[in-house]
Amino acid sequence: MATIIDGNAVASAIRDDLGAAIGTLGDEGVTPGLATVLVGDDPASETYVNMKQRDCEEVGLNGIHVDLPGDASPEELYDAIEDLNADPAVHGYLVQDPVPEQIDYREVIRRIDPAKDVDGFHPENVGRLVAGDARFKPCTPHGIQKLLAAYDVETEGADVTIVGRSDIVGKPMANLLLQKSHDGNATVTVCHSRTEDLAAKTRRADIVIAACGVTELIDGSMIGEGATVIDVGISRVEDDSEKGYELVGDVEFESAKEVAGAITPVPGGVGPMTRAMLLYNTVSAASLQESVPVDL
Ligand code: NDP
């Protein structure tokens with residue numbers, strides 16, 4: 001029976017540690033500011049943005065929210081981005097994805113000041129990450145590194161199989177684990193929808209990171225004995241509950257936990273870490289922009 005990796009507990013410890021850095025910045029008259037931009041009224045996006053704003057309030061960050069209608073033109077969004085780039089109270093911000101179809105998300109990302117790009121998606125920040133000189137590590141992969149460290153899961157020399165090659169999870173995760181660093185030095189296999197014999201690749205891994213958005217794609221028969229399983233997936237599956245849905249990961253938890261050495265649940269695994277690392281990146285952005293060194 002696997003150890004259940006408690007993302008809420010690790011995220012809470014990270015948020016406590018951030019308190020000291022926020023205090024140091026506060027002594028210099030700086031309150032880190034995080035802005036969220038939402039275009040339209042997608043319910044899942046609204047939930048994510050509300051959670052991010054609540055997180056800011058809880059840890060003492062200045063949360064700012066910008067709402068644009070679903071039929072906003074690209075130019076309206078670009079104007080909002082220019083304002084945020086120029087606003088000294090905003091140290092970091094993000095435009096919640098997905099954006100309506102009239103807007104090109106890549107162009108949006110390119111217009112964000114890379115120094116305020118706390119998601120780490122701007123091409124300059126992607127390049128720096130690949131080159132081993134990250135300014136901001138993307139929140140989900142960074143959170144996974146912190147989870148592995150908190151549970152003493154060695155990445156050095158480990159075989160890691162990542163299922164998914166997206167720009168926000170799979171690719172940056174692979175790049176981070178490849179770095180010559182104490183939390184990297186892994187041998188990484190990245191799988192995707194064209195991968196043949198996925199099970200062979202996951203079964204041989206010491207660490208499996210599932211980020212494909214296909215509910216319960218990976219079951220216990222695809223996990224090697226004692227492997228660490230990190231389930232990034234979050235899909236809403238309709239049920240009879242009051243909420244009308246339950247959150248389901250990319251791993252079939254019940255069968256996987258019988259073989260794995262350690263495993264993250266959904267919810268309560270990777271999700272809280274992603275949120276904590278956004279706060280971390282915002283504090284780091286404030287420290288850099290205001291030239292106030294903090295211990296992170
Ligand atoms: P994307 O849809 O952008 O990417 C999914 C990736 O999985 C693609 O590379 C795709 O391959 C691959 N894939 C799809 N089907 C298969 C398959 N059958 N076998 C192997 N690979 C497959 O997803 P994201 O990376 O944005 O998100 C993945 C999941 O993680 C989602 O459930 C999302 O909600 C969740 N998520 C959770 C976060 C958290 O904080 N917990 C944060 C971010 C995302 P191809 O490239 O060939 O299409």
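**Core**

I started with the largest nonpolar core, which has 80 residues; the members touching the most other members are I162, V208, I209, A210, V229, I230 and A256. Next I checked which element feeds this core most: helix α10 (residues 270-290) gives the largest share, ten residues. Where does the core sit relative to the domains? It lies between them, because domain 1 (28-117) and domain 2 (139-273) both give residues to it. Note to self: this is a predicted model.

**I230**

I picked I230 from the top group of the core and pulled its contacts, leaving out anything up to four places away in sequence. The list for I230 reads I144, L147, I207, I209, A210, T264 and V270. Two of those names, I209 and A210, I had already jotted down among the core members with the most touches.

**Domains**

I looked up the split of the chain: domain 1 covers 28-117 and domain 2 covers 139-273. How far apart are the centres of domain 1 and domain 2? Taken over C-alpha atoms, 28 Å separate them.

**H65**

Then I went over to H65, which I found in strand β3 (residues 62-68). Is H65 buried, partly exposed or exposed? I get partly exposed, because H65 has 15 C-beta neighbours inside 10 Å, and buried would take 20 or more while exposed means 12 or fewer.

For contacts of H65, again skipping residues up to four places away in sequence, I noted A35, T36, V49 and Q53. I also checked H65 against Y93: they are 28 residues apart in sequence, and their C-alpha atoms are 9.4 Å apart in space.

Notes: Residues numbered from 1 in each chain as written. Predicted model: local features only at pLDDT ≥ 70, side-chain atom pairs only at ≥ 80, totals over all residues. Helix = DSSP H or I, 4+ residues; strand = E, 2+ residues; numbered from the N terminus. Contact = placed C-beta atoms within 7 Å. Domains from an automatic or database assignment. Core = buried A, V, L, I, M, F, W, Y, C linked by C-beta atoms within 7 Å.
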